[in-house]
Each structure stands twice: as structure tokens, then as C-alpha cells.
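Please consider the following model with attention to its bound ligand and to the residues that surround it. The account below is intended to be read alongside the sequence and the coordinates.

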Amino acid sequence: MREIAPSLLSANFYNLQDDLERLKKSGIKYLHLDVMDGNFVPNISFGLPIIKSVRKNTDFILDCHLMIEKPERYLEDFKNAGADILTVHQEATIHLQRTLAEIRRLGMKAGVSLNPSTSEETLKYIMDDLDLILIMSVNPGFGGQSYIESVNEKIKRVRKMIDESERDIILEVDGGVNKDNIKELEDLGVDLFVAGSAAFKNSEIEKNIGGLRDDK
Ligand code: DX5
Ligand code: ZN
């Protein structure tokens with residue numbers, strides 16, 4: 001079954017409990033948590049207290065996407081808040097290999113994210129340190145943007161790199177994923193699909209998730 005990671009950014013913050021219960025009912029395993037600092041990206045979202053509270057009250061795999069400068073300053077805090085997967089941006093940390101190794105040392109899965117204009121070249125040097133690669137298909141910072149088609153070629157190349165490495169690395173795509181393009185992305189080899197607006201639109205969570213999983 002197609003694995004969807006709904007992004008909490010598009011949830012109803014006035015009634016998170018209800019949205020989380022409906023996500024649970026829709027059978028999702030992963031929850032994508034977008035942390036933004038107003039510096040690496042132009043927007044500010046939410047941080048540790050929300051993640052801590054979601055951790056306490058749900059058993060989703062917490063897939064934390066850090067859109068923050070120098071994420072190495074907060075790795076232990078995210079571990080303590082309950083993150084399962086911690087993804088940092090290649091563009092936001094100078095000593096990327098050290099940051100990834102530290103995430104694993106703390107007992108989390110380590111992910112790296114690449115902006116649409118960032119080359120996958122760096123991945124060659126960190127394949128040993130990765131559990132997940134998050135390809136951005138919009139410029140990070142906001143939900144509800146349109147998928148950037150030119151990222152498709154990068155997805156294909158990264159899929160090939162993962163297969164050739166014979167490592168167990170999840171390929172995740174984030175930004176503008178919807179019912180109309182998800183099948184094509186699956187065919188390109190994507191394992192995990194982040195969906196913000198497509199998962200929460202019109203507050204029809206169960207129906208939306210069902211639609212993303214089903215091709216008809
Ligand atoms: C964007 C975030 C995404 C966002 C996706 O910076 O990283 O996870 O919530 O939202 P949609 O699916 O609406 O593009
Ligand atoms: Zn994200």
C-alpha cells in the first residue's frame with residue numbers, strides 16, 4: 001500500500017486532536033512535522049512543544065523535517081521531544097556528515113533534504129549515514145504550492161543511487177503531491193509521499209487519504 005506522510009502544517013490547529021484521530025482512523029503510519037525557523041525559510045511554523053504533545057498522545061512514526069539553520073544545535077532536543085526520523089537540509093548545515101552521524105547516535109533515523117535547486121551530488125558521500133532522502137518538490141516554507149516538474153529527473157537519479165547502493169534508504173518527496181501526480185511519482189520510485197493540503201483539504205481527511213492511496 002502507498003505510504004502517505006500527512007503534513008501537520010495543513011491541520012486545524014484549533015482542533016488538532018480531532019485531526020490526529022481521523023488520521024489514525026485512515027490508517028496512516030507516518031506523520032510529517034514541518035519545523036520552520038523564519039531564517040532558513042521565510043516562514044515560522046511550530047516546534048518542540050507540539051511534537052512532544054503529539055508524541056505523548058499518538059503512536060505515529062514522527063517524521064520531523066527541520067527547515068532551520070544549523071539544525072545541529074537542536075538534535076538532542078528533538079530526540080527528547082520524541083522524533084523518530086530527523087531530516088536536516090543539506091543547505092542548512094556545514095558539517096552534514098557529522099550532523100547525520102549524531103542523529104543516529106542519539107537513536108533516531110537520519111534524513112537529508114535537498115531543495116529543488118540543490119544537486120544530488122553530495123549524497124554520494126553520505127550514503128552510509130542515511131536512512132531517508134527527502135526530495136523537495138517545492139521551495140520549502142509553505143504548504144499548498146505547485147509541484148515543480150523539473151524535480152522528476154532528480155528523483156529518478158536518486159532512486160538509481162539508492163538501488164545501486166543496496167542500502168535500506170527511504171525515498172520521500174515533499175511539496176505539491178496530490179491525487180493527480182502521485183501515481184507518476186510512485187512509478188519514478190518514490191517510497192513515501194508527504195501530503196499537506198491534499199490530505200487535509202475540506203477537512204475530509206479519511207476521504208483524501210483514501211483518494212491518495214487509490215488510483216481511481
Ligand atoms: C513545505 C513543507 C511541506 C508542506 C507540504 O515547506 O515541507 O511538508 O507541508 O504541503 P503541500 O503538500 O500542501 O505542498
Ligand atoms: Zn516537509
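The paragraphs that follow treat the site of the ligand, its contacts, and the annotated residues in turn.

The model is a predicted one, and ligand 1 offers a convenient point of entry. The space that ligand 1 takes up is the largest pocket. Three elements each give two or more residues to the shell around ligand 1, namely β2 (30-36), β3 (61-67) and β8 (192-195). Strand β2 makes the greatest contribution to this shell, with three residues. In chemical character, the shell divides into eight nonpolar residues, ten polar residues and two charged residues. There are 20 residues around ligand 1, and those that come nearest are D34, G141, G144, D174 and S197.

Polar contacts to ligand 1 involve both side chains and backbone. In the side chain of D174, an N or O atom is 2.7 Å from an oxygen atom of ligand 1. The backbone of G176 supplies a polar atom at 2.8 Å from an oxygen atom of the ligand. H32 takes part through its side chain, where a polar atom lies 3.4 Å from an oxygen atom of ligand 1. As for cover, ligand 1 taken alone exposes 390 Å², and the protein buries 99% of that area.

The UniProt record may now be set against this picture. Under "active site", an unreviewed entry in UniProt lists D34 and D174. These two residues span 141 residues in sequence, yet their C-alpha atoms are not more than 10.5 Å apart, so they gather at one spot. Both D34 and D174 belong to the lining of the largest pocket. D34 is located in strand β2, the element that gives the most residues to the shell around ligand 1.

Two "binding site" sets complete the annotation. One of them, from the unreviewed UniProt entry, places the feature at H32, D34, H65 and D174. Although these residues span 143 residues in sequence, no two of their C-alpha atoms are more than 10.5 Å apart, so they too gather at one spot. From this set, the lining of the largest pocket includes D34, H65 and D174.

The other "binding site" set, also from the unreviewed UniProt entry, consists of S7, H65, G141, F142, G143, G144, D174, G175, G176, G196 and S197. The lining of the largest pocket takes in S7, H65, G141, F142, G143, G144, D174, G175, G176, G196 and S197 from this set. Of these, G196 has its place in the loop between β8 and α7 (197-200). D174 thus draws the account together: UniProt lists D174 under "active site", and its side chain makes a contact of 2.7 Å with an oxygen atom of ligand 1.

Definitions and conventions
Residues are numbered from 1 along each chain as its sequence is written. Chains are lettered from A and ligands numbered from 1 in the order in which they are written. This is a predicted model: local features need pLDDT of at least 70, side-chain atom pairs count only at pLDDT 80 or more; totals for chains, interfaces and linings use all residues. Side-chain values use heavy atoms; hydrogens and water are left out. A residue is near a molecule or strand if one of its heavy atoms lies within 4 Å of it. A polar contact is a pair of N or O atoms within 3.5 Å; within protein, one must be able to donate a hydrogen and the other to accept it, and residues adjacent in sequence count only if both atoms are side-chain atoms. Accessible areas come from the Shrake-Rupley method with a 1.4 Å probe; for residues, only the protein chains shown count as cover. On a 1 Å grid over the protein atoms alone, a cavity is a set of points where a 1.4 Å probe fits but cannot get out, and a pocket is an open set with protein on both sides within 12 Å along at least five of seven lines; lining residues have an atom within 4 Å of a point. A molecule sits in a cavity or pocket if more than half of its atoms lie within 2 Å of its grid points. Helices (H or I, at least four residues) and strands (E, at least two) are DSSP runs, numbered from the N terminus. Ala, Val, Leu, Ile, Met, Phe, Trp, Tyr, Cys and Pro count as nonpolar, Asp, Glu, Lys and Arg as charged, and the others, Gly among them, as polar. UniProt positions are given in the numbering used here, feature names are shortened, and annotations may be inferred rather than shown by experiment.
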